[in-house]
Amino acid sequence: MCGIVGYIGPKDPVEVLVEGLRRLEYRGYDSAGVAVVDDEGAIAIRRAPGKLADLEKVIRAQPLEGRYGLGHTRWATHGRPSEENAHPHVDGSGRVVVIHNGIIENYLELKRALEKKGHRFVTQTDTEIVAHLIEEQLKNGSGDDFPTAFRKVLPQLRGIYALVALSADAPETLVAARLGPPLVVGIGEDEYFVASDIPAILNHTKDVVFMEDNEIVVLRPDGPTFMDADGNVVVREPQRVPWDPITAEKGGYKHFMLKEIHEQPRAVRDTLIGRVSLESSEILLDEANLTDEHLKAVERVCIVACGTSWHAALVGKFMLERLARIPVEVDYASEFRYRDPLIDEKLLPVFISQSGETADTLAALRYAKTGCPVTLGICNVQGSMLTREATGTIYTHAGPEIGVASTKAFTSQLTALALLALKMGQARGTLPEEESREMIRALYHIPAQMEQYLDDDSEIQALAKVHQQYTDFLYLGRGVNYPIALEGALKLKEISYIHAEGYPAGEMKHGPIALIDEELPVVALAPRDRVFEKMLANIEEVKARSGIVIAVTDAESEDLTEKADAVVIIPRTLDLLAPLLLALPLQLLAYYIALLRGCDVDQPRNLAKSVTVE
Ligand code: G6P
């Protein structure tokens, strides 16, 4: 989950690289570095532990110049975050430079073999080995040129990688390869880019090629040459990405997270648009490649994901079981393949991932493919691994999500799951037409209701002020809203570092109730659904033990006002869609508490936006 950028073209490479890294900082931000090469073939490198701003300080103090180069922002796997372990890394001669995202699993073995040949290493990273392997290949590889030496090193690596390298002896040449983590090649006017993700290059070009696994690219001033693992040239046509660079900016908000919270009405609307016919109630999910015959024939669904996407999966279970009357299991991707799951052609496995590159989710998908002919991804990133490996995808149209804590991607995932549940319910004949219509009408109304709610967040700001000093929070919900309690707790802990737990409210009495005292705020999700009375009883239980209750509901209620310390009211929708609206106050509460505590909201410590290691 490090960020990679490489540039070759007429602009100042340092500027292009640092700007690109800024847009990739969400991928890792414990150290950063750049390397550029000048006309004489001299390599200049600057690296710094900490954020990109720290690297920029180093560059200001010791400016560097060159014709082309590469840059990296790191999320440490091997070796602590330090200047020495920051990328780029060089070989023993100082003439080969490498940046890497991923993990080389056999690096110790390779390191020992290289040490026997006299190589000396200065970092604790696995990446440094790659530079030395290239050096070794150049020395002993019967006159291989740099791109060939680079290509020949790759089969020795076990693990996953996106690699970009340059050599002082190969003027104006960048080489890159991927196996696992994403790499995208940008094709501008007389300038070429390689990067981990599109936002890094969007300011320069929208024409891109998503590299395939085991593919290599050589970038030179006359353009990119793609080749397969054996060095055979492969023709790749660029595609145009629809994202606007402005979409990836903060747009006047203090943080990406706040901007993304406010983008939810648009994101949900875009996820719905073109997928639902208000007239016929037909659900159109063309890219999902699902036939009604298949949807009728499947007997089980399993939804697999990580983090916030896993919470969306839990909501999806309620939606699918309710509307399509099909049993649904939900798995953490990191657990799925290790529990020897029952997979066969009667199972529809669904994988949810904002980024489409989460290593655990991809590994689970690959496992499922061994037994299931049809696999479905729900994904926000066009061209990502998940979308290419699953047999079909429902794209969420949330747009680029930069804040590490997922917000708009989450509610867009819920929207996509609602569409899938409707589609399956219709295909399987379990959903009466009137109910279908009612759901669709309610779904269409959600963006406007979100706008209405987000219009004024002063109430949540005030609540954040009153509750920011507490060290533990409990979130409670029931039924389809129980996953929202989990998500609310996750949001708070991710960005404010406050300990928070989410629980199904009925489970409280089996443990968490022991924690309740006057120092424990409890966020109780209590819309006026069929378990409202039960939630009221749980709130009583909290109050009886002097807990602090923040209730979130969807209509004025005397009972709640009397019992709770604070009541937040969201717009009313159908019970099954309440999660889409309940998520909003919880996101805002986490945001404002983190802000008051001076936390780095968009880049919380130890986290990364996309986790490409297992
Ligand atoms: C990381 C992020 C989370 C995200 C999870 C899954 O942990 O910090 O916000 O929910 O990965 O990511 P995915 O891209 O697969 O949805």
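How much space lies in the second largest pocket? About 370 Å³ lies there, in what is a predicted model. The lining of this pocket consists of 16 residues, and those nearest its centre are Arg322, Val480, Arg530, Asp575 and Leu576. Helices α9 and α14 (433-454) each contribute at least two lining residues.

The largest pocket holds about 540 Å³ of space. Its lining has 22 residues, with Cys306, Gly307, Thr308, Ala608 and Val611 nearest the centre. Two or more of the lining residues come from each of α9, β18 (347-353), α11 (359-369) and α16 (482-496).

The residue classes around the two pockets and the ligand are as follows.

| Site | Nonpolar | Polar | Charged |
|---|---|---|---|
| Lining of the largest pocket | seven residues | ten residues | five residues |
| Lining of the second largest pocket | seven residues | two residues | seven residues |
| Shell around the ligand | four residues | eight residues | two residues |

The ligand takes up the space of the largest pocket. It is surrounded by 14 residues, the closest being Ser309, Ser353, Gln354, Ser355 and Thr358. Helix α9 (residues 307-324) gives the largest share of this shell, three residues.

Oxygen atoms of the ligand lie close to polar atoms of the protein at several points. A polar side-chain atom of Ser355 is 2.6 Å from a ligand oxygen. Polar backbone atoms are involved at Gln354, at 2.7 Å from a ligand oxygen, and at Ala608, at 2.9 Å from a ligand oxygen. Of the 390 Å² that the ligand exposes when taken alone, the protein buries 91%.

Note on methods
Residues numbered from 1 in each chain as written. Predicted model: local features only at pLDDT ≥ 70, side-chain atom pairs only at ≥ 80, totals over all residues. Heavy atoms only, no water. Near = heavy atom within 4 Å. Polar contact = N/O pair within 3.5 Å; in protein donor to acceptor, adjacent residues only side chain to side chain. Areas by Shrake-Rupley, 256 points an atom, 1.4 Å probe, with all protein chains shown as cover. 1 Å grid on protein atoms, 1.4 Å probe; cavity = no way out; pocket = protein on both sides within 12 Å on 5 of 7 lines; lining within 4 Å. Sits in = over half its atoms within 2 Å of the grid points. Helix = DSSP H or I, 4+ residues; strand = E, 2+ residues; numbered from the N terminus. Nonpolar A, V, L, I, M, F, W, Y, C, P; charged D, E, K, R; others polar. Points joined across faces, edges and corners; volume = space filled by probe spheres on them.
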